[in-house]
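Colleague: Please take one part of this model and examine it closely. I should like a connected account of how it is placed and what lies around it.

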Amino acid sequence: MDQLWRNVSDWLRVLKGQAIGDHISPNRLRDIYSLDLGDKTSQSELNQLVYEYTQKSVNTQSPYFVNQLYGGIDPIAAFGEWITTLLNTSMATFEIAPLATLMEREMIQKIGGFLHGSSDKTCGLMTPGGSQSNLMALLCAKQKLYPDSKEKGWLPNQHVILVSKESHYSFKKAALVMGMGTDQVWGVEVDEYHQMDIEDLKLKIKKAKTENKKVLLVGATVGTTVWGAFDPVSEMSEVCKVDNTWLHIDGSWGGVRVFDSESYKKEWSLGNSFTMDFHKYFNAGLLSAFFITQEKETFELAAQTGGQAYIFHTQEENLDLGPYSLQCGRRVDSFKTWLYWKSYGDEGLRQKVQDGLGVIAQIKAELLQNKNFKLLHDPSFLNVCFQVIDSDGENDQKDNNQKRKDNLHKSIREDLMKSGACYINFSENKKDGTFFRFVLSQNHFNLDHFKVILDSILKSKKTLENF
Ligand SMILES: Cc1ncc(COP(=O)(O)O)c(C=O)c1O
């Protein structure tokens, strides 16, 4: 065990210090890597292929990979992941995954407990990501509204889902799977802080009624993908109470604040369901996601479709998690997540969240005093949206100037990726045009790393302007 642990942590330490790797085009990759299948391959050739795979993969362990809402993996989680793979079992039943099942249940109770205190109503599941957690919420909302819809079907496109315009696209995917059609996901306007506008939520509910449509679910996003904004859950809850509408809280990104914020815990307890991911800011490794609800009866029926005769044999405590899942074979995500949580403890994870917010405060101060950059918002979580100042474009016509700025941001990003200096994403909207979206998804990231990124952006800008 010691040896395996040392190997994992040593390798991750090496990766942390290495470059992200050059961005390679698909055609070039096809040319230089032996992708074709057919002939048997020797062990030494396989070893070489594995080595090359590591060299030609994006090194998300690098602090300069700030492109996504996830980054490198924590060594303890990686160790747990390796053990999970070697033991190769499925989460379908207690009998084939005994401790992993109890660990998953323990974490669900614990997260549910943050929101609702200890309660025998708390239930849920680890899912393959926040997207599927959002889908689980829709299934539960439908189950509650129409208890016989599983057997008899329902009228999907007579229903709408109300989420902020800046919510994650997974709600549309979920609507797709539910047979509702993506047009049934109505985007509610946001205010200047990118939070859901409650007046528009009320208007959209009215509109649904006049069109004879039922609101299946209202979704609050706590930590939006681009701006890191938190929707006003308390006010949304008041609105949802009127018609007893299912209120789901998508905390895939910002849900980690259950570890450090009493006020968010209180607010989020008002939802019917909640999702949070440990594979994003916590770096517990893809995937490590939770769907939690207090609607036990509804949840237990929502996805259950039989299998008792050949797999889910009744046992004393009815511990199997398989019946509640949309999968049969399900990866064990619980062990590595539990191990990770066990090693840090609640206090360690609370500190991690606080540390991240502290770094963001420093980044904000840096951007505010740096004349080469413009900060576009007051960061409320771990996202920082900013632009590089394009002084040369000042005298251009307005429209051309905007286009130039947009292209400049996209070209810089491309250039940084190609050179392997940094992976940073961009986003765009009507008001701001194109901008960089930095996300703090690396636990060991600090202000010095951010300054290196700013320098890389300026260097790239200079090169592009001289080209
Ligand atoms: C707010 C939000 N919800 C849901 C998701 C989907 O999560 P996952 O990638 O785990 O499916 C994301 C992903 O970035 C997100 O930002």
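Modeller: Let us begin with Ile-161, whose bridge partner in β4 is Val-185. The chain reaches β4 from β3 by way of helix α8 (residues 170–177), a right-handed β-α-β crossover, meaning that, with the strands pointing away from the viewer, the path from the first strand over the helix to the second runs clockwise. This is a predicted model, in which local features need pLDDT of at least 70 and side-chain atom pairs count only at pLDDT 80 or more, while totals for chains, interfaces and linings use all residues. Residues are numbered from 1 along each chain as its sequence is written.

Helices (H or I, at least four residues) and strands (E, at least two) are DSSP runs, numbered from the N terminus. Strand β3 covers residues 159–164 and strand β4 residues 185–188; the two pair in the parallel sense over four bridges, pairing being assigned if DSSP finds at least two bridges between two strands. Strand β5 (residues 214–221) is also a parallel partner of β3, over five bridges, and here Lys-214 is the bridge partner of His-159.

Six of the six residues of β3 are buried, a term that requires 20 or more other C-beta atoms within 10 Å of a residue's own; 12 or fewer make it exposed, values in between partly exposed, and C-beta atoms are placed from the backbone. His-159, Ile-161 and Val-163 point one way from β3, whereas Val-160, Leu-162 and Ser-164 point the other way, and all are buried.

Helix α6 (residues 130–145) is likewise mostly covered, with 15 of its 16 residues buried. Its end C-alpha atoms are 23 Å apart, which agrees with the 22 Å expected for 16 residues at 1.5 Å a residue; the expected span is 1.5 Å times one less than the number of residues.

Gly-130, in the range of α6, is among the closest of the 14 residues that surround the ligand, together with Gly-129, Ser-131, His-168 and Ser-252. A residue is near a molecule if its C-beta atom, placed from the backbone, lies within 6 Å of it. The shell has three nonpolar, nine polar and two charged residues; Ala, Val, Leu, Ile, Met, Phe, Trp, Tyr, Cys and Pro count as nonpolar, Asp, Glu, Lys and Arg as charged, and the others, Gly among them, as polar.

For the wider setting, the protein chain has 15 helices and 12 strands, and 43% of its 467 residues count as buried.
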